Amino acid sequence: MTRPMSPVRPPTTAVSPTTTTSLPPTKDSYEILDDGENEIKTTVVGAGMGPQVEERTETSVDVSYSVHSGTTEHFVKNQTRPTLCPNQSQFRCSGGECISEFSRCNLVQDCRDNSDEENCTCADFLRSKFLNRKICDGIVDCWDHSDETDCEWCQPGQFICSGSNQCIDQTKVCDGRPDCISGEDEKTCVTIAPDMHAADSLSYYNEGYLMVRKNGAWGKLCLENFERVTSRAAAHWTVSDLGQAVCRTLTFSDFSRVERQVDPTPVARPDPLLPPGYRKGIYRPDLSRNATAKPTYYKIHLTNSLAYPSRARSLATPEEGSAPGNDLTLSLEFEETRCPKRDVLQVSCQSLQCGMRPRAVSHRARYYRSGRPRHPRIVGGSNSGPGSWPWHAALYREGEYQCGGTLINPNWLLSAGHCFYSATDKYWVARLGALRRGTKFPSPYEQTRHITHIFIHPQYEDTVFVNDISLLRMESPVQFTDYVRPVCLPPPGAPVRHGRLCTLVGWGQLFEVGKIFPDTLQEVQVPLISTAECRKRTVFIPLYRITNSMFCAGYDRGGRDACLGDSGGPLMCQEPDGRWQLAGVTSNGYGCARPNRPGVYTKVASYLGWMNQVMELTKSELVVPVRPKCAGHRCPLGQCLPQSSVCNGFVECSDGSDEKDCYKAT
């Protein structure tokens, strides 16, 4: 049957062979599988102090590259209690009553004062939901990293090597030698940030001080020896060359300004030696009140050894193809210095490049070294890695996942028109930077934004999916990180190159039948089919109507395709310069992955003029969004809870906001 890749409304006529690729809105009508393992959905009946009955449903499908036991284990943290309960397996509430230890951190109020839900980690919540397989599996699912920081191979405070069961000491980060399997510990060793704290965040800053990390500690680059050291290189480098190289290394298009200046960070100096009996600080009381930690500085050190290519030691040359002598890549090292003159560099970069995937290098090597994806998914694809597709977004309607979307700039997403047909008045939320969507707890890399404006193409035809495209404006711009970045748009009129291998991603069904949805984002490579060729192949197949603004993709033999739930997601191609360009928006198809039934995609290059008009239009104050009303409490993903569900002892929002400040003593 043909699928619009996201049915967001019930059919009004007899069942059509057309299938969309977005999720049906019916709640709990499908199973979510995590990496091909058992997804256990727990329903709690009752609330507050009443008895609870838990129902567990398990579905198993072998579609993962890694196998976990799925065994439920309970880990009990030692708690400091006023007195012991009669049974050692019980937890003593602050009010004095005793409850089962396993009732702690289960998102249900079991103690009268809710003390059983205090001081809980995200990992505690996962265990209470029987999601132990997400703990210590090498993927960070928790906002506080607690699921990966207390494992046999990882201790709190260590650096987590993403995508592998490995942690290393912080002192091994940026030490010039890769310790993580993927070399991740040597990738982020230089940045631009306004201060030390910001340097350690995920965000990109287009202006700030040039920062260097060595042995896990960030510091500002001291320029006191810059001219003396770089004069030993084959070609002369200026601070402008350095600024340009750093901006390009951080995937900005270029630099706009560099400025040498004295570091204004205050420095705490020791009190002078005073005679016995005098109080310290009697002469310098300001130091005791405003003492500041000693800043860290690094200076450039040139060696003849080959350094491991990292962001710190692999700075891009100013011009492509420049002479080897003008490249600091093979000789740049850093060492700590006191920097007496505090001579530092402030850099301003411009235009973060689109279509770049800083976190995807190891992932690509893992899956495509043999020339083909290793495990079946999407239909016929494979698990994506953390940060592999930073422009992909999950779109939620009133808290329920519906479609995919693509980030094209800080404020705008592109998706399919049929995802929002007859649903523009609903509350929509975009979830970006996510790898898994099976749990409501956010990972530390995620960002969510309310969608305030929805523009479906004015000539969209719902029955045949003509002009199946929509633009979505978010309430506030996203913060660019390695996990949230925009894709590149094609030039106007860009042709679809027949036979070219491109990639589509999504959380759609793994099979045409069964309504089995993955927890982990899926990806698959498919060959493009030009508009003319697709018309030839589908001319005698009912329900295919291929216009000049559509194209197809897929194998004649079938086996790899988008499916229900993938609607609105990107079909993108990698250009010769390494950047990824958005070719199509997942629209519809005849069944999923059937032989001689290719998927149909909206041609993005045909709609650039309309997109620019819409984005310019919303700059006017005449376009006012209509915010859907909620009489109760709105959760982060958009679910509207009735007032009776607020402070009822059962946490239903991912951030716990529906139960926040409900049990404070009066």
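This report describes the overall make-up, a strand barrel, a covered helix, the cavities and several individual residues of a predicted model.

**Overall make-up**

The protein comprises 666 residues, of which 55% are buried. Its secondary structure amounts to eight helices and 32 strands. When contacts between residues at least 6 apart in sequence are considered, 65% of them join residues at least 24 apart.

**The barrel**

Six strands form a closed barrel in the order β18-β19-β20-β23-β22-β21, and their pairing is antiparallel. From one strand to the next, the twist averages 40°. In general, the strands of a sheet pair through backbone hydrogen bonds, in either a parallel or an antiparallel arrangement. Strand β18, spanning residues 392-397, pairs with strand β21, spanning residues 428-432, in the antiparallel sense over five bridges. Within this pair, Leu-395 stands opposite Ala-430 of β21. Helix α8 (residues 608-617) packs on the sheet, where it touches β20 (412-415), β22 (447-456) and β23 (470-474). The direction of α8 makes about 30° with that of β23.

**Helix α4 and its surroundings**

Helix α4 covers residues 239-249 and is mostly covered, with nine of its eleven residues buried. Among the buried residues of α4 are Val-239, Leu-242, Ala-245, Val-246 and Cys-247. Asp-241, Gln-244 and Thr-249 of the same helix are also buried. What do the buried residues of α4 pack against? The partners are the strands β10 (190-193), β11 (207-214), β12 (217-222), β13 (252-262) and β16, together with helix α3 (226-230). Just after α4, Thr-251 adopts a positive phi of about 70°.

**Residues with positive phi**

Most residues other than glycine have a negative phi. Three residues with a positive value are listed below.

| Residue | Phi | Place |
|---|---|---|
| Asn-114 | about 65° | loop between β7 (98-100) and α1 (122-128) |
| Thr-251 | about 70° | just after α4 |
| Ser-351 | about 55° | strand β16 (residues 343-352) |

Are Asn-114 and Ser-351 buried or exposed? Asn-114 has a relative accessible area of 13% and therefore counts as buried, since the cut-off for burial is under 20%. Ser-351, in contrast, has a relative accessible area of 52% and is exposed, because that class begins over 50%. The strand that holds Ser-351, β16, is also one of the elements against which the buried residues of α4 pack.

**Cavities**

Rolling a probe the size of a water molecule over the atoms shows where empty space is left. The structure holds three cavities of 30 Å³ or more. The largest cavity has a volume of about 190 Å³. Its lining consists of 21 residues, and those nearest the centre of the cavity are Pro-386, Gly-433, Ala-434, Leu-435 and Arg-436. By residue class, the lining of the largest cavity divides into eleven nonpolar, seven polar and three charged residues.

**Ser-657**

Ser-657 is located in the segment after β32 (640-641). With a relative accessibility of 21%, Ser-657 counts as partly exposed, because this value lies between the cut-offs of 20% and 50%. Ser-657 and Cys-635 are 22 residues apart along the chain, and their C-alpha atoms are separated by 7.3 Å.

Key. Residues numbered from 1 in each chain as written. Predicted model: local features only at pLDDT ≥ 70, side-chain atom pairs only at ≥ 80, totals over all residues. Heavy atoms only, no water. Pairing = 2+ DSSP bridges. Helix = DSSP H or I, 4+ residues; strand = E, 2+ residues; numbered from the N terminus. Axes fitted to C-alpha atoms, helices over the stretch in contact; angles between N-to-C directions. Contact = heavy atoms within 4.5 Å. Buried < 20%, exposed > 50% of the residue type's maximum accessible area, 1.4 Å probe, protein only. 1 Å grid on protein atoms, 1.4 Å probe; cavity = no way out; pocket = protein on both sides within 12 Å on 5 of 7 lines; lining within 4 Å. Points joined across faces, edges and corners; volume = space filled by probe spheres on them. Nonpolar A, V, L, I, M, F, W, Y, C, P; charged D, E, K, R; others polar.
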